[in-house]
There are 4 protein chains.
Amino acid sequence: MITTDEARRVIAAGEARAREIGVPANIAVLDAGAHMKAFVRMDGALLGSIDIAVNKARTAALFSMRTEAIGEFCRPGGTSFGLEQTNGGLVVFAGGIPLTDGSNIVIGAVGVSGGAVAQDLEIAQAAAAALAA
Amino acid sequence: MITTDEARRVIAAGEARAREIGVPANIAVLDAGAHMKAFVRMDGALLGSIDIAVNKARTAALFSMRTEAIGEFCRPGGTSFGLEQTNGGLVVFAGGIPLTDGSNIVIGAVGVSGGAVAQDLEIAQAAAAALAA
Amino acid sequence: MITTDEARRVIAAGEARAREIGVPANIAVLDAGAHMKAFVRMDGALLGSIDIAVNKARTAALFSMRTEAIGEFCRPGGTSFGLEQTNGGLVVFAGGIPLTDGSNIVIGAVGVSGGAVAQDLEIAQAAAAALAA
Amino acid sequence: MITTDEARRVIAAGEARAREIGVPANIAVLDAGAHMKAFVRMDGALLGSIDIAVNKARTAALFSMRTEAIGEFCRPGGTSFGLEQTNGGLVVFAGGIPLTDGSNIVIGAVGVSGGAVAQDLEIAQAAAAALAA
């Protein structure tokens, strides 16, 4: 299970990148069972992105997969039409990334929302990388 | 009505096929009234697939039809745009199959989720075949 | 995390006791994160008790506590008026018990519903004891 | 509006007190509009208390009042029978406290859950006091 200290390191790394690129973001860290571990809304981050950040992390935790990879399954022509409507509604665009420990076991997930999707992804990647360091 | 013994045979047959193809799956058996009868999450199966397996079985039970057949009605160009949003949200890709008794009466449904859609379908077919044997 | 084999042993022990006392029961086993691991509805068990069994297990998993102990907090004169309405609605009468491993770590929970509350509790205790054996 | 730095100070003060009294707690800080600003689940804190901590803060923010004060209105004999069922379900026992700035304007609320109600209240008071310092 992810610890509070690990969750804080993930969020701090995400915030640092968000500041660098000037995007106030919501950053959520959930454990492997998709339960909230830590969260921060940076000053100026959109209210509507709170739910998106949490749900990106939840989606990545539930499927042990990046949110945009899940999105491939439910795009037009994908194998799983309507997949995004399961589990009470998933978020299937980029910004949710599973967090792994040193043995490559999934211990949780981070979700970021606040900027353009490419920016959210960049912040989420920086956040997730904090555990690899 | 499907019995507990029948439900267990269905799940056991599904699990056997899942192990053969190396896919840890969630397998749900519902009765003809779409009420849960038996369920198992194989070790390693995705948490996000619990809801999908149950909902595939629910969808198949409610319409006495395979989930992917229902999916035909709501695909672009199909007759029933938005059908998948009825009944609190249906799952309309493969992996949910009605279960029939010797007289071809629907007595329930099985739903499988955990692998690629084609794998889920293969496991569900093996599961459903247990009652025909 | 509780394994499928452990979950089945828990359910089998619960079913055995339920048969002894002549009470068809719903028996649910969830993991420590409150996600469904295994479930069975014995033949003749009440449909309305499916949700109760699952929710007893969910309540016990979320609080690492027997459901009736949680009920003490929210009874008239208890410390936590309305506690049962949190988490989307808890079940706070007997029949939900945390499952522990050999080191007394909570690895999940079992929930039983189908008979009188005292019967449900007896079945749940027999079920939970299977992991201690 | 409460800032991220202020929210972190509130949580840090709550965590410090929680450690002193040996109670792993969930601590949530919401802004005056009842939107999540920051959250932490201390290692070992109950999963079922996540929702309660967030909802205590939400309740306190929505009514600019401590949760136990709102509880007085809806206890047997109080003026507002069923009040706790409004707003999608309030939490009306102690542990949610409005946060005020130097001019005594409400800028958010903190909610704490994880221990006995008296412990949650003690942690929440320590957390709220961080902004007064």
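Buried area is the accessible area (1.4 Å probe) that two parts lose on being put together, summed over both. Keep that in mind for the first view; the model throughout is a predicted one.

**View 1. Where chain C meets chain A.** Put together, chain C and chain A bury about 230 Å², and 68% of that is on carbon and sulfur atoms. On the chain C side, the residues touching chain A come out as two nonpolar, two polar and no charged. The contact itself takes four residues of chain C and four of chain A. Looking for salt bridges across this interface? The rule finds zero. Polar contacts do turn up: two residue pairs, both at pLDDT 80 or more.

**View 2. The largest pocket, lined by helix 2 of four chains.** This one holds about 1400 Å³ of space. Its lining runs to 40 residues, and the ones nearest the centre are Ala34(A), His35(A), Arg58(A), His35(C) and Arg58(C). Helix 2 (48–63) chips in at least two lining residues from each of chains A, B, C and D. Sorted by class, the lining has 22 nonpolar, 11 polar and seven charged residues.

**View 3. The second largest pocket, with residues from chains A, B and C nearest its centre.** Here the space is about 510 Å³. Of the 22 lining residues, Ala32(A), Val106(A), Arg41(B), Leu47(B) and Met1(C) sit nearest the centre. From chain A, helix 2 and strand 4 (106–113) each give at least two residues to the lining. The class split is 13 nonpolar, five polar and four charged.

How values were computed: Residues numbered from 1 in each chain as written. Chains lettered and ligands numbered in written order. Predicted model: local features only at pLDDT ≥ 70, side-chain atom pairs only at ≥ 80, totals over all residues. Heavy atoms only, no water. 1 Å grid on protein atoms, 1.4 Å probe; cavity = no way out; pocket = protein on both sides within 12 Å on 5 of 7 lines; lining within 4 Å. Points joined across faces, edges and corners; volume = space filled by probe spheres on them. Nonpolar A, V, L, I, M, F, W, Y, C, P; charged D, E, K, R; others polar. Contact = heavy atoms within 4.5 Å. Salt bridge = Lys/Arg side-chain N within 4 Å of Asp/Glu carboxyl O. Polar contact = N/O pair within 3.5 Å; in protein donor to acceptor, adjacent residues only side chain to side chain.
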